[in-house]
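Colleague: I'm new to reading structures like this one. Could you pick out a single part and take me through it slowly, one piece at a time?

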Amino acid sequence: MDWTALSVSLRLAGLTCLLLLPLGLWLGRTLALSQFRGKPLCEALVALPLVMPPTVLGFYMMEAFGVEAPFGSAWQSLTGSGLNFTFTGILIASLVANLPFAVQPIQRAFETIPPNLREAAWCSGLSPLRTLLRIELPLVWPGLISALALTFAHTLGEFGVILMVGGAIDGETRTLAIAIYDRVQAFDESGAAVMSAMLLLVSFLTIGVVYGLAGRRRWRRA
Amino acid sequence: MPEPSHVATDGRLAVSLQQAGPIPLDADFHCEAGELLALVGPSGSGKTTLLRAIAGLYRPARGVIRCAGEAWFDAEAGHSLRPQQRRVGLVFQDYALFPHLNARGNVKVALDHLPAAERGRVAEQWLARVRLDGLAGRFPGELSGGQRQRVALARALARSPRVLLLDEPFSAVDQVTRRRLQRELALLREEIRIPIVLVTHDLDEAAALADRLCVLHAGRSLQQAPAEQLFRRPASPEVARLLDRHNVFTGRVVAGEQGRRLQWGPWLLEVAEGLAAVAPGQSVSWYLPPSDVVLHRRGRPSRGERENPVQGRVVEMAVLGGITSVALAFDHCDDTLRFELPTHAARRNGLARGEGVGVSLLAAGIHLMPDAPVTHPESPHR
């Protein structure tokens, strides 16, 4: 059992969720509530990682992270280090790859809130921020939970993008999914089986906890 | 419009809004503290838009909204208070209760200005005031339509608003509940001395609840008056039509030996007031409330029959329980004259379709509308 790979996977999935949550909330809410000219384009861009083959997405990310590319060179001059074959690199790639999983459920959830609930909150004296915290967030909670669950599970299983951007550096970019592939390549099927079972268990537990959290609320009965 | 003298003007809501589009508006009205003003008009007449503008949820292109001496909106000065600053209580048509909060929680949302420890108690007090004691723990999904409306009303009032806005508040409940809620609103009015603006398309509801009605059409305010006055003295054929009043006709003012008369077909009608303002020879639209049509009894002439007698032909008789609605046609015009009488009286007089009958048009009821165009949109003249 490769505990280091498991720890990299969990760290990557956790951080992806943590960072995508505010971004997904802002983007999902904006796309749900506002009408602007470029909205279909924005929605298409957000959904793009969903339909792109992971290796293709990984390839473009790898190219963008290179020191010749504007993004890669800017990062290099800002931080003094490159992105390819680093944990930060696969984290950024993971953020991009998971954007649709985080944004879309949140957007759908915000779209189901009747606009007059927001207006009723304003007329009751709530500021836009308090309206968000007391009225909107509780109502989009299930959408938020499913965004987190999808992002977490998808990151645990991500293979193509991570391999292209990060390779398989032990303790840095070798996630459990990649470690399983390595074991199979080395004809260590029993090792692969243990790790696969572990990934299955972690995925199942995550989803279980998360759906338990979303729960069926009393007010949803009606 | 004469000012009602018995109410204070210091809490008054005054609205004057204009814009060409996208929703055309040209509305002027006011509502005193303690007064209930009904905005009536067909769907799409801009009623809800005006209410939303008062609440600060919609910003028209031009105009002013003032409440209790404070400017809430002044387009020219670029001034517009946010909904949170206006202190309005708004009851939405579908109530817009927060589904994840119980009744107490819904009311508490509007009590943020109180110390946290007091909010629960005050929310319960408001719920008790709208007769929902014991239901504070129920979620909106667990309440009936009428109960939801009361929660919405409690929430709207909890913030001690300076104006209460009601958007078709009785449209989503059954008839029995509606009557009860209307009765409760009438009682509640005695306790809250703020302007109340009620939006409704139900004329009976408006007439029953409101001190004054403001008739709207395509965003324009056409007339403001108490119901009785509106129904007897509509400002124009358009208002009459919007108020579902029939009996709008066109006549000509003539000067005869006994003074001015209203010529309508072959008849010269006496009119109690208004003739002096119209020059002889001029065409004028006029209206007669159905209550001012008196049927001539067959075979038993009575004194009132000498007042503006006219002869018509029954073209429609609809028995609506104890009341029969009768429409008379005349040879000289397309319009029919409608009036109602007790069904037994219709039977006793042998009224039947096709029969000729005589009626008197009471001079006091004839209302001239000289400022309005003379054509009646629903029945163009030959």
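Modeller: Strand β4(B) lies beside β5(B), residues 70-74 of chain B, and the two are antiparallel partners joined by four bridges. Keep in mind that this is a predicted model. One of the facing pairs to look for is B:C67 with B:E70 in β5(B). Follow the chain from β4(B) into β5(B) and you'll go round a hairpin with two residues between the strands. Have a look at B:A68 in that turn, since its phi is positive, about 50°.

Now the other partner. β4(B) also pairs with β1 of chain B, residues 13-19, again in the antiparallel sense, this time over six bridges. To see one of them, find B:Q18, whose bridge partner in β4(B) is B:R62. As for what holds such pairs together, strands of a sheet pair through backbone hydrogen bonds, either parallel or antiparallel.

Next, look at the two faces of β4(B). The covered face has B:G63, B:I65 and B:C67, while B:R62, B:V64 and B:R66 make up the uncovered one.

Let's zoom in on B:R66, which sits in β4(B), residues 62-67. Is B:R66 buried or exposed? Somewhere in between: B:R66 has 16 C-beta neighbours inside 10 Å, so B:R66 counts as partly exposed. The cut-offs are 20 or more for buried and 12 or fewer for exposed, which means that 16 falls between them. Setting aside neighbours within four places in sequence, the contacts of B:R66 are B:A14, B:A71 and B:W72. Two of those names tie in with the strands we've just met: B:A14 falls within the residue range of β1, 13-19, and B:A71 within that of β5, 70-74. For a sense of scale, go from B:R66 to B:A123: that's 57 residues along the sequence and 29 Å in space, C-alpha to C-alpha.

Finally, how far can you trust the picture? Chain B has a mean pLDDT of 85, with 93% of its residues at 70 or more. Residues 1-8 of chain B are another matter, as pLDDT stays under 50 there, and the model gives them seven contacts beyond four places in sequence. Residues 375-382 of chain B are also below 50, with 14 contacts beyond near neighbours in sequence. Where pLDDT is low, the predicted coordinates should not be read in detail. For the model overall, the scores are ipTM 0.79 and pTM 0.80.

Note on methods
Residues numbered from 1 in each chain as written. Chains lettered and ligands numbered in written order. Predicted model: local features only at pLDDT ≥ 70, side-chain atom pairs only at ≥ 80, totals over all residues. pLDDT = per-residue confidence, 0-100. Contact = placed C-beta atoms within 7 Å. Pairing = 2+ DSSP bridges.
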